[in-house]
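Here is a short, friendly tour to read alongside the sequence and the 3D view. Take a moment to turn the model around before reading on.

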Amino acid sequence: MYLIFNSLKNQWLGFVLIFFMTLFWVSSDKEIKRLEDKAKEMRLVIKDLEQKDHATALLIDSLSKQDTVLLTKIKLIKEKEYETIRIIDSLPVSKLQEYFADRYKR
């Protein structure tokens with residue numbers, strides 16, 4: 001027992017350094033574990049966001065298809081309107097007066 005105390009007395013700095021190195025080693029292991037857990041959580045969040053991104057891309061594609069259908073319908077309506085205007089522009093004034101008189105009677 002005397003030898004142990006004597007060696008502690010003579011080599012106290014070494015024991016203090018070993019104690020602090022062990023303390024830092026344990027705390028760094030805890031920090032590494034915490035960071036690994038956080039990285040795992042982030043991977044799950046990324047996976048969830050990728051799934052949401054995929055769903056949003058599908059929605060945008062479906063809206064794009066609907067947009068094309070609507071544009072086609074608008075184009076047809078404009079063509080019919082243009083034909084009607086062209087027909088009315090080609091009518092003489094007397095026919096126009098007759099057309100509107102018959103259409104909007106007083």
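Let's begin at the surface. Trp12, Leu13, Val16, Leu17, Phe19, Phe20, Leu23 and Phe24 together make a nonpolar surface patch of about 840 Å². This is a predicted model, so please read every value below as computed from predicted coordinates. One member of the patch, Val16, is found in helix α2. Val16 counts as partly exposed because its relative accessibility is 32%, which lies between the 20% limit for buried residues and the 50% limit for exposed ones.

**The overall shape**

How many helices and strands does the protein chain have? Its secondary structure comes to three helices and zero strands. Read from the N terminus, the order of the elements is α-α-α. Helix α2 covers residues 12-90, and much of this report takes place there.

The dimensions of the chain are worth a look as well. Along the principal axes, the C-alpha trace spans about 130 × 25 × 20 Å. The radius of gyration of the protein chain is 43 Å, whereas a compact globule of 106 residues would have one near 13 Å.

What share of the 106 residues is buried? The answer is 0%. The protein chain exposes about 10,600 Å², and 66% of that area is supplied by carbon and sulfur atoms.

**Charges and salt bridges**

The protein chain carries 19 positive and 16 negative charges. The mean position of the positive charges and that of the negative charges are 3 Å apart.

Which charged side chains pair up? A search of the whole structure finds three salt bridges, and they are set out here with the distance between their closest N and O atoms.

| Positive residue | Negative residue | Closest N and O atoms |
|---|---|---|
| Arg34 | Glu31 | 2.5 Å |
| Lys33 | Asp37 | 3.5 Å |
| Lys52 | Asp48 | 3.7 Å |

Let's take the pairs one by one. Arg34 and Glu31 both lie in helix α2, three residues apart, or about one turn of the helix. Arg34 is partly exposed, with a relative accessible area of 43%, and Glu31 is likewise partly exposed at 37%.

Asp37 and Lys33 are also both in helix α2, where four residues, about one turn, lie between their positions. The relative accessible area of Asp37 is 33%, so this residue is partly exposed. Lys33 has a value of 48% and is partly exposed too.

For the last pair, Lys52 and Asp48 are four residues apart in helix α2, so about one helical turn separates them. Lys52 has a relative accessibility of 49%, which means that it counts as partly exposed: exposed residues must be over 50%. Its partner Asp48 counts as partly exposed at 35%.

**Distances along the chain**

Two more residues help to give a sense of scale. Thr22 has its place in helix α2 and, at 39% relative accessibility, counts as partly exposed. From the C-alpha atom of Thr22 to that of Ile32, ten residues apart along the chain, the separation is 15 Å.

Further along, is Gln66 buried, partly exposed or exposed? With 49% relative accessibility, Gln66 counts as partly exposed, and this residue is also found in helix α2. The C-alpha atoms of Gln66 and Tyr99 are separated by 38 Å, and these two residues are 33 residues apart along the chain.

**Putting it together**

The picture, then, is of a chain with three helices and zero strands whose C-alpha trace spans about 130 × 25 × 20 Å. Buried residues make up 0% of the chain. A nonpolar patch that includes Trp12 and Phe24 covers about 840 Å², and the search of the whole structure gives three salt bridges.

Terms used:
Residues are numbered from 1 along each chain as its sequence is written. This is a predicted model: local features need pLDDT of at least 70, side-chain atom pairs count only at pLDDT 80 or more; totals for chains, interfaces and linings use all residues. Side-chain values use heavy atoms; hydrogens and water are left out. Helices (H or I, at least four residues) and strands (E, at least two) are DSSP runs, numbered from the N terminus. The radius of gyration is taken over C-alpha atoms; the globule rule is 2.2 Å times the number of residues to the power 0.38. Buried means under 20% relative accessible area, exposed over 50%, partly exposed in between (1.4 Å probe, protein chains only). Accessible areas come from the Shrake-Rupley method with a 1.4 Å probe; for residues, only the protein chains shown count as cover. Lys and Arg count as positive and Asp and Glu as negative; His and the chain ends are not counted. The place of a charge is taken as NZ of Lys, CZ of Arg, CG of Asp or CD of Glu. A salt bridge is a side-chain nitrogen of Lys or Arg within 4 Å of a carboxyl oxygen of Asp or Glu. Patches are made of residues with over 30% relative accessible area and no salt bridge: like charges are joined within 9 Å, nonpolar side chains (Val, Leu, Ile, Met, Phe, Trp, Tyr) within 5 Å.
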